[in-house]
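Notebook open, structure on screen. I am jotting down what I look up as I go, in no grand order.

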Amino acid sequence: GLRRLQFEPPLHLSEEEWDSITDSGRLCGQRGELDQVAFFYIMKRELDLFVRRHLAKKTKEAEGDAATAGIFFMLNQIMRRLEIVERDGAESREAVLGLQSGASSTTEEGKVESVAVL
């Protein structure tokens, strides 16, 4: 699949790297390949990791410059807040989808016995 993207220079992943980015194959389909959703998820996650590494490196380099270090600190805080918002949004989305797919149960008389709580 990576060959079809025609990167220059071409990307080559070791088996260890593949296992790492695919969570030991858990993100792969039955044929060991990624679908578009899994690929997008992996690329987003890898970009997030790259940005974090780069930000940590630049923050360390800026230790002597209080103004620049302050900017990097604020960027780090913003990234953490975005993580929380994204996580909370995903949890809410899953809860709503659970309700929409019938996460409530009813008796034979049609009375609702339980409903998933957000």
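I started with Glu-61 and Lys-58, which sit three residues apart in helix 2, so about one helical turn separates them. They form a salt bridge, with the closest N and O atoms 3.2 Å apart. I checked how open each one is: Glu-61 is partly exposed at 49% relative accessible area, and Lys-58 is partly exposed too, at 28%. While on this topic, I found that salt bridges with shared partners join Lys-44, Asp-48 and Glu-86 into one network.

Note to self: this is a predicted model, so every number here is computed from it.

**Salt bridges, continued.** How many salt bridges does a search of the whole structure find? I get eight. I looked at Asp-48 and Lys-44 next, whose closest N and O atoms are 3.4 Å apart. Both lie in helix 2, four residues apart, which is about one turn of the helix. Asp-48 counts as partly exposed at 33% relative accessibility, and Lys-44 does as well, at 30%.

Then I looked up Arg-52 and Glu-83, a salt bridge with the closest N and O atoms 1.6 Å apart. Arg-52 belongs to helix 2 and Glu-83 to helix 3, so this pair ties together parts that are 31 residues apart in sequence. Arg-52 is partly exposed, at 30% relative accessible area. Glu-83 comes out as partly exposed at 41%.

**Overall layout.** I stepped back to see the whole chain. The protein has three helices and two strands, and along the sequence they run α-α-α-β-β. Of its 118 residues, 8% count as buried. I also looked at contacts between residues at least 6 apart in sequence: 19% of these join residues at least 24 apart. The protein exposes about 10,200 Å², and carbon and sulfur atoms supply 56% of that.

**Surface patch.** Which residues make the nonpolar surface patch of about 380 Å²? I listed Ile-71, Leu-75, Ile-78 and Leu-82. Leu-75 has its place in helix 3, residues 66-100. Its relative accessible area is 38%, so I put Leu-75 down as partly exposed; patch members need over 30%, and Leu-75 clears that.

**Odd backbone angles.** Most residues other than glycine have a negative phi, so I went looking for exceptions. Asp-23 has a phi near 55°, a positive value in a non-glycine residue. Ser-24 also has a positive phi, of about 55°. Where are they? Asp-23 lies in the loop between helix 1 and helix 2 (36-61), and Ser-24 is found in that loop too. Buried or exposed, I wondered about Ser-24. At 52% relative accessibility Ser-24 counts as exposed, whereas Asp-23 is partly exposed at 36%.

**How far to trust it.** The average pLDDT of the protein is 79, and 81% of the residues score at least 70. Among the elements, helix 1 (residues 15-21) has the highest mean pLDDT, 91, and strand 2 (residues 112-114) has the lowest, 41. I marked two stretches where pLDDT stays under 50. Residues 103-107 are one of them, with 15 contacts in the model beyond four places in sequence. Residues 109-118 are the other, with 20 such contacts. Where pLDDT is low, the predicted coordinates should not be read in detail, so I left those contacts uninterpreted.

Terms used:
Residues numbered from 1 in each chain as written. Predicted model: local features only at pLDDT ≥ 70, side-chain atom pairs only at ≥ 80, totals over all residues. Heavy atoms only, no water. pLDDT = per-residue confidence, 0-100. Contact = heavy atoms within 4.5 Å. Patch = residues over 30% accessible without salt bridge, like charges linked within 9 Å, V, L, I, M, F, W, Y side chains within 5 Å. Areas by Shrake-Rupley, 256 points an atom, 1.4 Å probe, with all protein chains shown as cover. Salt bridge = Lys/Arg side-chain N within 4 Å of Asp/Glu carboxyl O. Buried < 20%, exposed > 50% of the residue type's maximum accessible area, 1.4 Å probe, protein only.
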